[in-house]
Amino acid sequence: MSIFSNLFKKQNVSQKKLICFDGGGVRVIAGLVFLKKLEIETGKKIFDIFDFYSGTSAGAFNAACFAKGISASAVKKYWSKEYTARIMKSSSFWDPASLIQARPRYDSKAKLEVLQEIFGKEKIGSLPKPLLSLSYDLHKRNHVIHSSIFNPDLLLTDVLTASSAAPMYFPSHQMKDGAWFIDGSISTNNPSLLSYSFLNKHHLIENKNIKILSIGTGYNKKAIDGKTSSRWGGVGWLRNDIINLLLDSEVDNVLAEDILDESYLRINSDYGKINKLLDDDSHENLEKIHLLGLDWWSKFGDKTKKFLFD
């Protein structure tokens with residue numbers, strides 16, 4: 001157990017703030033644009049606003065950066081073409097003409113090299129603020145939260161590679177203890193409720209004495225023709241967005257709003273003409289994602305400032 005658990009138990013527990021990040025590949029950039037505006041408008045770094053940081057998949061990476069004290073502007077640079085081009089190098093086994101693939105699209109080696117450049121050999125427990133990273137344990141067939149509090153000796157690079165091992169995109173990841181993990185979004189793409197439950201269970205917050213800002217990655221509201229879908233088999237559903245149908249589920253959001261009420265604020269919307277694929281880092285697609293983040297600020301900016309500071 002790290003210093004964090006003792007720290008929070010010794011304090012008179014005041015209201016804490018938790019920020020949670022969905023997975024969503026390059027679409028996480030929209031949330032960074034939004035948070036960059038929040039930093040500019042308030043004159044405060046995200047690090048200075050929140051007590052806990054939680055995320056899954058690409059969102060876990062962003063959460064780790066903020067828990068380390070990196071600004072929104074600097075985190076956004078890690079999603080520039082310079083970095084995404086290095087991470088997303090297609091495997092030699094990948095056939096772009098085929099929907100059904102025998103191997104993952106990308107090798108984890110390049111992603112790990114980038115993570116090592118950013119975090120080195122830093123352990124999750126050495127972060128100045130607590131991080132919760134959601135992954136899915138293949139052996140136990142259950143979600144796992146790797147945290148600064150109870151897993152302080154795990155390497156950040158190991159934790160983040162496990163959380164972002166998205167099936168079909170990246171290979172499953174084996175941790176140092178031999179356990180195999182895949183992307184935490186398999187459990188839920190919105191880790192807000194799981195994170196709240198974790199903190200509450202371990203007495204790091206008083207019941208509901210917390211504000212949770214949940215950062216989404218957009219969802220697809222384009223209608224699917226029911227009659228056409230009735231003829232689809234496995235390949236048909238893969239071609240027509242079954243993966244994003246699962247990722248876009250807003251069930252956790254509905255439950256969080258009901259359970260947490262005014263202690264919870266969700267930043268999300270229909271992503272419109274943005275590519276549904278998680279790895280489209282074309283200039284055109286990244287520009288659309290950037291504009292989505294600005295649109296979120298115009299819709300949710302004032303509400304967010306009031307939520308956090310009133």
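Mentor: Let's start with a term: two strands pair if DSSP finds at least two bridges between them. Keep in mind that this is a predicted model.

Trainee: Okay, so which residue is the bridge partner of Ser-135 in β6?

Mentor: That's Asp-183. Strand β6 covers residues 180-183, and three bridges join it to β3, with the two running antiparallel.

Trainee: Which other strands does β3 pair with?

Mentor: Strand β2, residues 52-56, pairs with β3 in the parallel sense over four bridges. Look for Tyr-53, which stands opposite Leu-131 in β3. Then there's strand β4, residues 142-147, joined to β3 by six bridges and running antiparallel to it. In that pair, Ser-133 sits opposite His-146 of β4.

Trainee: How many residues lie between β3 and β4 in their hairpin?

Mentor: Four. Find Arg-141 in that turn and check its backbone: phi is positive there, about 50°.

Trainee: And is β3 itself mostly covered or uncovered?

Mentor: Count a residue as buried when its relative accessible area is under 20%. By that count, seven of the seven residues in β3, which spans 131-137, are buried. Now take the strand one face at a time. Leu-131, Ser-133, Ser-135 and Asp-137 are on one side, while Leu-132, Leu-134 and Tyr-136 are on the other, and both faces are covered.

Trainee: Let's switch to helices. What describes two packed helices?

Mentor: The angle between their axes and the distance between the axes. Here, try helix α7 (residues 108-119) and helix α8 (residues 156-163): their axes come within 9 Å and cross at roughly 140°.

Trainee: Why are α7 and α8 called oblique to each other?

Mentor: An angle has to be over 145 degrees to count as roughly antiparallel, and 65 to 115 is roughly perpendicular. The crossing of α7 and α8 is roughly 140°, so the two helices are oblique. As for handedness, α7 passes α8 in a right-handed crossing.

Trainee: Which residues make the contact?

Mentor: From α7, it's Lys-111, Leu-112, Leu-115, Gln-116 and Phe-119; from α8, Leu-156, Thr-157, Leu-160 and Thr-161. Sort the residues of this contact by type and you get five nonpolar, three polar and one charged.

Trainee: Is there a general reason for spacings like that along a helix?

Mentor: Yes: an α-helix has 3.6 residues a turn, so residues three or four places apart point the same way.

Trainee: Last one: how many residues of α8 are buried?

Mentor: Eight of its eight, so to speak the full list. Among them are Asp-158, Val-159, Ala-162 and Ser-163.

Technical notes: Residues are numbered from 1 along each chain as its sequence is written. This is a predicted model: local features need pLDDT of at least 70, side-chain atom pairs count only at pLDDT 80 or more; totals for chains, interfaces and linings use all residues. Side-chain values use heavy atoms; hydrogens and water are left out. Buried means under 20% relative accessible area, exposed over 50%, partly exposed in between (1.4 Å probe, protein chains only). Axes are lines fitted to C-alpha atoms, for helices over the stretch in contact, and angles run from 0 to 180 degrees between N-to-C directions. Angles under 35 degrees count as roughly parallel, over 145 as roughly antiparallel, 65 to 115 as roughly perpendicular and the rest as oblique. A crossing is left-handed if the near helix is turned anticlockwise from the far one by less than a right angle, and right-handed if clockwise. Contact means heavy atoms within 4.5 Å. Ala, Val, Leu, Ile, Met, Phe, Trp, Tyr, Cys and Pro count as nonpolar, Asp, Glu, Lys and Arg as charged, and the others, Gly among them, as polar.
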